[in-house]
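Let's take a friendly walk through the charged pairs and the cysteines of a protein chain. Have the model open beside you as we go.

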Amino acid sequence: MDALLGGPRAGGGLEQLRRCGALAAFLPEVQALVGLHEDTARSVAPGRNDYAHKDVWAHTCKVVDQSLAGPVLRWAALLHDVGKARTRTVEPDGTVHFLGHAEVGARMARRILHRFGVPAERASTIRFLVLHHLRAAQYDETWTDSAVRRFALYMEGHLDALLALSRAD
């Protein structure tokens with residue numbers, strides 16, 4: 001997996017794994033993202049809804065391709081939304097939620113990475129990135145300088161990797 005994820009077209013390699021059935025065999029947790037959609041109803045006119053559509057599998061492959069090459073970031077990109085299949089809920093109005101997907105995904109990542117024999121220190125960093133992958137996108141100009149410093153301190157030296165994952169996402 002490290003060799004595939006480290007390649008220049010890793011997303012395409014993942015798609016080939018899916019097509020031949022290997023993804024379901026080796027990474028059933030990631031296979032669960034295939035066909036999973038973020039369909040959310042949005043009002044376009046009174047009494048009429050349209051739907052925003054995002055395929056989670058296609059998004060995951062794209063994030064892997066857009067991330068910087070290297071085992072930590074590519075694994076984090078692959079697993080950043082793995083918790084979505086288990087946390088997807090739909091409101092009566094059609095709004096889709098994935099509440100807690102980062103936390104669930106981090107727990108899933110622990111088992112996946114152990115199964116693949118990823119060294120403990122690297123696995124810990126990957127899990128940290130999966131858990132916090134939404135944090136950088138929460139920044140806005142209302143954050144004070146001290147809030148930014150606290151955020152950087154809380155990221156325990158993973159800030160550069162987290163920002164790189166956020167850019168890819």
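Let's begin with a cysteine: the sulfur of Cys61 has its closest cysteine sulfur in Cys20, 13 Å away, and that is too far for a bond. Keep in mind as you look that this is a predicted model. A disulfide is a covalent bond between the sulfur atoms of two cysteines. The cut-off for calling one is 2.5 Å between the sulfur atoms, so the 13 Å from Cys20 to Cys61 is too far. The count of disulfides accordingly stands at zero.

The surroundings of these two cysteines are worth a look as well. Cys61 is buried, at a relative accessible area of 9%. Cys20, in contrast, counts as exposed, with 60% relative accessibility.

Now turn to the charged side chains. Side chains of opposite charge can pair when their charged atoms come close. How many salt bridges does the model hold? The count comes to five, and we can visit some of them in turn.

Start with the pair formed by Arg122 and Asp2, whose closest N and O atoms are 3.1 Å apart. This salt bridge links distant parts of the chain, since Arg122 belongs to helix H9 (residues 120-132) and Asp2 to helix H1 (residues 2-6), with their positions 120 residues apart. If you display the surface around Asp2, you will find this residue partly exposed, with a relative accessible area of 38%.

Next, move to helix H2, which spans residues 10-20. Here the side chains of Glu15 and Arg18 come together in a salt bridge, with 2.5 Å from N to O. How far apart are Glu15 and Arg18 along helix H2? They are three residues apart, about one turn of the helix. Are these partners buried or exposed? Glu15 is buried, with a relative accessible area of 16%, while Arg18 is partly exposed at 28%. Arg18 and Glu15 do not stand alone: together with Arg19 they form one network, joined by salt bridges that share partners.

One more pair deserves a stop. The side chains of Lys84 and Asp81 meet in a salt bridge at 3.6 Å, N to O. With a cut-off of 4 Å for a salt bridge, the 3.6 Å between Lys84 and Asp81 qualifies. Where do these two side chains sit, buried or exposed? Both Lys84 and Asp81 are buried.

Conventions:
Residues numbered from 1 in each chain as written. Predicted model: local features only at pLDDT ≥ 70, side-chain atom pairs only at ≥ 80, totals over all residues. Heavy atoms only, no water. Helix = DSSP H or I, 4+ residues; strand = E, 2+ residues; numbered from the N terminus. Buried < 20%, exposed > 50% of the residue type's maximum accessible area, 1.4 Å probe, protein only.
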